[in-house]
Amino acid sequence: MPDTEAKLDAVLAKMDELLAAKDEQESKLNAILIKLESLEKSQKKTAQDVDELKDSYKLLDHDVTERRRTAKKIDALNEKIEDLENRSKRNNVVIWGLKEGAEKDCSSVEEFLEEELFSKHMGLDNIEVMRAHRTKINQAAASATAPQSRPIHVYLLRYPDKGRILKAAANTLKDNPFCDSQIFISDDVSKSVRSERAKLRKDHLKQLKEREGVQFAFIPWSVPAQILYKEIDSEGLKSFKIRHE
């Protein structure tokens with residue numbers, strides 16, 4: 001009888017161990033299930049975040065697209081405005097460097113330019129000036145003791161007279177002061193055209209002149225800004241312009 005009880009106790013003890021092991025396994029399994037549930041929730045949250053990011057990207061992409069369209073429209077409008085500005089100045093020339101008050105003895109700036117500058121000094125007859133006035137310039141670069149003279153913007157009655165003046169200026173004004181001033185005459189164009197001409201002169205004109213096979217090169221009074229050049233083996237002139245992205 002004692003042996004039977006001992007065996008029974010051993011069996012019960014073994015069952016207790018098995019039950020304890022089962023409880024431990026169930027506890028571990030529950031922990032794994034909890035982790036899986038947590039991972040599933042995290043995965044769903046990540047998927048939700050990804051979807052939200054996709055939606056945000058779509059909105060951002062749409063916004064960028066709209067901004068690009070708007071920028072293109074603005075660029076197109078700016079080009080139209082600049083074209084209109086240059087067209088409105090088609091008959092204009094600008095006189096640079098003429099000292100202030102040089103025109104004081106004449107009844108008007110227009111009369112002074114027609115008679116004293118164009119006719120007597122440059123030998124150009126029948127030049128009719130509709131309007132002429134000095135315009136402000138940035139004096140920041142000029143010293144207080146030697147301020148720069150304001151340029152004179154001149155509106156001519158006839159467009160061909162503009163070409164006559166610009167052509168004659170190259171021959172009659174160099175080393176030939178007018179009213180104690182070394183003046184220079186240019187066409188009247190927008191700021192961007194002037195900037196592009198300056199860039200062409202600084203960065204490209206010399207290199208183009210030195211290129212093998214190029215006979216000559218120059219920057220004409222034209223819009224848009226460009227360099228015209230002639231190659232030795234070519235009959236006509238070729239054009240070089242700054243490329244815009």
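This note goes through a predicted model in numbered points, from its nonpolar cores to its salt bridges and a few single residues.

1. The main core. The largest nonpolar core has 26 residues. Those that touch the most other members are Ile 95, Leu 113, Leu 117, Phe 118, Met 122, Val 154 and Ile 185. Two or more residues come from each of strand 1 (92-96), helix 2 (109-121), strand 2 (129-134), strand 3 (152-156) and helix 3 (159-172). Helix 2 is the top contributor to this core, giving 5 residues.

2. Phe 118 within that core. This residue lies in helix 2. Is Phe 118 buried or exposed? Its relative accessibility is 0%, so Phe 118 counts as buried. Leaving out residues up to four places away in sequence, Phe 118 touches Ile 95, Leu 113, Gly 123, Leu 124, Ile 127, Val 129, Ile 165 and Ile 185. For a sense of distance, the C-alpha atoms of Phe 118 and Ser 239 are separated by 32 Å, and the two residues are 121 residues apart along the chain.

3. A second core. There is also a separate core of 12 residues. Among its members are Val 189, Val 193, Val 214 and Ile 227.

4. Helix 3. This helix has 14 residues and spans 20 Å from its first C-alpha to its last, close to the 20 Å expected at 1.5 Å a residue. Its buried residues are Asp 161, Lys 162, Ile 165, Leu 166, Ala 168, Ala 169 and Thr 172. These buried residues pack against strand 1, helix 2, strand 3 and strand 4. The student should note that the list of buried residues includes Asp 161 and Lys 162.

5. Asp 161 and its partner. Which residue meets the side chain of Asp 161 in a salt bridge? The partner is Arg 158, with 3.3 Å from N to O. Asp 161 has a relative accessible area of 4%, so it is buried. Arg 158, at 30% relative accessibility, counts as partly exposed, because the partly exposed range runs between the cut-offs of 20% and 50%.

6. Salt bridges in total. Side chains of opposite charge can pair when their charged atoms come close. The count for this model comes to 19 salt bridges. Some of these residues form a network: Glu 100, Glu 103, Arg 134 and Arg 150 are linked by salt bridges.

7. A salt bridge inside helix 1. The side chains of Glu 24 and Lys 28 meet in a salt bridge, at 3.6 Å from N to O. Glu 24 and Lys 28 are 4 residues apart in helix 1, so about one helical turn separates them. Glu 24 is partly exposed, with a relative accessible area of 44%. Lys 28 is also partly exposed, with a relative accessible area of 44%.

8. A salt bridge between loops. Asp 180 forms a salt bridge with Lys 99, and the closest N and O atoms are 3.6 Å apart. This pair links distant parts of the chain, since the residues are 81 residues apart. Asp 180 sits in the loop between helix 3 and strand 4 (184-187), and Lys 99 sits in the loop between strand 1 and helix 2. Asp 180 has 72% relative accessibility and therefore counts as exposed. Lys 99 is partly exposed, with a relative accessible area of 34%.

9. A nonpolar patch on the surface. Which residues make the nonpolar surface patch of about 490 Å²? They are Leu 29, Ile 32, Leu 33, Leu 36 and Leu 39. Of these, Leu 36 can be placed in helix 1 (residues 2-88). Leu 36 has 47% relative accessibility, so it counts as partly exposed.

10. Lys 89. This lysine is in the loop between helix 1 and strand 1. Lys 89 has 17% relative accessibility and so counts as buried. Not counting residues up to four places away in sequence, Lys 89 touches Lys 162, Asp 188 and Val 189. One of these contacts, Val 189, belongs to the second core, while Lys 162 is among the buried residues of helix 3.

11. Ala 102. This alanine is found in the loop between strand 1 and helix 2. Ala 102 counts as buried because its relative accessibility is 14%. Apart from residues up to four places away in sequence, Ala 102 touches Phe 112 and Cys 179. How many ångströms separate the C-alpha atoms of Ala 102 and Lys 28? The separation is 103 Å, for two residues 74 residues apart along the chain.

Terms used
Residues numbered from 1 in each chain as written. Predicted model: local features only at pLDDT ≥ 70, side-chain atom pairs only at ≥ 80, totals over all residues. Heavy atoms only, no water. Core = buried A, V, L, I, M, F, W, Y, C linked by side-chain atoms within 4.5 Å. Buried < 20%, exposed > 50% of the residue type's maximum accessible area, 1.4 Å probe, protein only. Contact = heavy atoms within 4.5 Å. Patch = residues over 30% accessible without salt bridge, like charges linked within 9 Å, V, L, I, M, F, W, Y side chains within 5 Å. Areas by Shrake-Rupley, 256 points an atom, 1.4 Å probe, with all protein chains shown as cover. Salt bridge = Lys/Arg side-chain N within 4 Å of Asp/Glu carboxyl O. Expected span 1.5 Å × (residues − 1).
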